[in-house]
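Visitor: Please take a close look at one part for me, and keep the definitions explicit as you go. I would like a single connected account that I can follow against the sequence.

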Amino acid sequence: MKNIQLLGLLLVIVGSFLPLVHVPVIGNWNYWKLDHYLAIACWIFSACAVFGIVNNSAKIVRFFGILLILLFGFTLVAVKMQSLQYFSFLPFKSWQETFAGIVTLKWGWAVEFSGAFLMVFARGNKKVNNRTQI
């Protein structure tokens with residue numbers, strides 16, 4: 001379980017440096033370019049998950065994995081809302097939606113979500129060896 005959780009944590013950390021959003025003319029943005037505060041929150045949640053992994057506390061790791069999933073969902077909604085607001089100067093709503101649609105999500109989100117889901121759904125071995133050696 002610990003190795004799977006570490007793999008999920010590694011995917012979350014690496015995913016924050018991958019392209020998450022593509023803005024035409026400007027290029028690809030990772031988590032830091034999207035928003036500094038959200039990137040710092042992602043890394044703080046990841047650091048807390050490391051604490052849970054080191055202390056063999058699956059509950060802590062699952063809790064922070066769920067918080068990461070919620071943070072990623074919030075970020076996706078915020079990106080779409082911000083892109084709609086960015087083109088609010090256009091006179092027609094259909095134009096606003098069309099131009100906001102050119103801001104596309106990239107493949108880095110799949111890495112982010114898969115890492116967080118690995119942290120949440122990693123199951124440990126329930127078999128306990130009660131033998132003692134002398």
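Guide: A patch here is made of residues with over 30% relative accessible area and no salt bridge, where like charges are joined within 9 Å and nonpolar side chains (Val, Leu, Ile, Met, Phe, Trp, Tyr) within 5 Å; a salt bridge is a side-chain nitrogen of Lys or Arg within 4 Å of a carboxyl oxygen of Asp or Glu. The model is predicted, with local features needing pLDDT of at least 70 and side-chain atom pairs counted only at pLDDT 80 or more, while totals for chains, interfaces and linings use all residues. Residues are numbered from 1 along each chain as its sequence is written, and side-chain values use heavy atoms, leaving out hydrogens and water.

By that rule Phe92, Trp95, Phe99 and Ile102 form a nonpolar patch on the surface, and together they have about 400 Å² of accessible area (Shrake-Rupley method, 1.4 Å probe, with only the protein chains shown counting as cover for residues). Phe99 belongs to helix H5, residues 93-100, helices being DSSP runs of H or I of at least four residues and strands runs of E of at least two, numbered from the N terminus. Its relative accessibility of 40% makes Phe99 partly exposed, a class that lies between buried (under 20%) and exposed (over 50%).

The part I would examine closely is helix H3, residues 36-54, whose 19 residues should span 27 Å at 1.5 Å a residue (the expected span being 1.5 Å times one less than the number of residues), and whose end C-alpha atoms are indeed 27 Å apart. Buried in H3 are Leu38, Ala39, Ala41, Cys42, Phe45, Ser46, Ala49, Gly52 and Ile53. Seen down the axis, these buried residues fall within an arc of 160° (taken from the directions from the helix axis to the C-beta atoms), so they line one face of H3. An α-helix has 3.6 residues a turn, so residues three or four places apart point the same way. Tyr37, Phe51 and Val54 are exposed on the face of H3 turned away from the buried side. The cover over the buried residues of H3 includes helix H1 (2-15), helix H2 (31-34), helix H4 (58-86) and helix H6 (108-121).

Just after H3, in the loop that leads to H4, Asn56 has a phi near 55°, a positive value in a residue other than glycine. Asn56 is exposed, with a relative accessibility of 58%.

A link back to H3 comes from Gln5 of helix H1, which counts as buried at 3% relative accessibility. Leaving aside neighbours within four places in sequence, Gln5 is in contact (heavy atoms within 4.5 Å) with Ile53, Ala58, Val61, Met119 and Ala122.

In H6, the buried residues are Gly108, Trp109, Val111, Glu112, Gly115, Ala116, Met119 and Val120. They cover an arc of only 170° around the axis, which puts them on the same side of H6, and they pack against H1, strand S1 (21-23), H2, H3, H4 and strand S3 (104-105). The exposed residues Ala110 and Phe121 sit on the face of H6 turned away from that buried side. Gly115 is buried with a relative accessible area of 0%, and it touches Gly8, Leu11 and Val12, not counting residues up to four places away in sequence. The C-alpha atoms of Gly115 and Leu9 are separated by 6.0 Å, although these residues are 106 apart along the chain.

Methods: Buried < 20%, exposed > 50% of the residue type's maximum accessible area, 1.4 Å probe, protein only.
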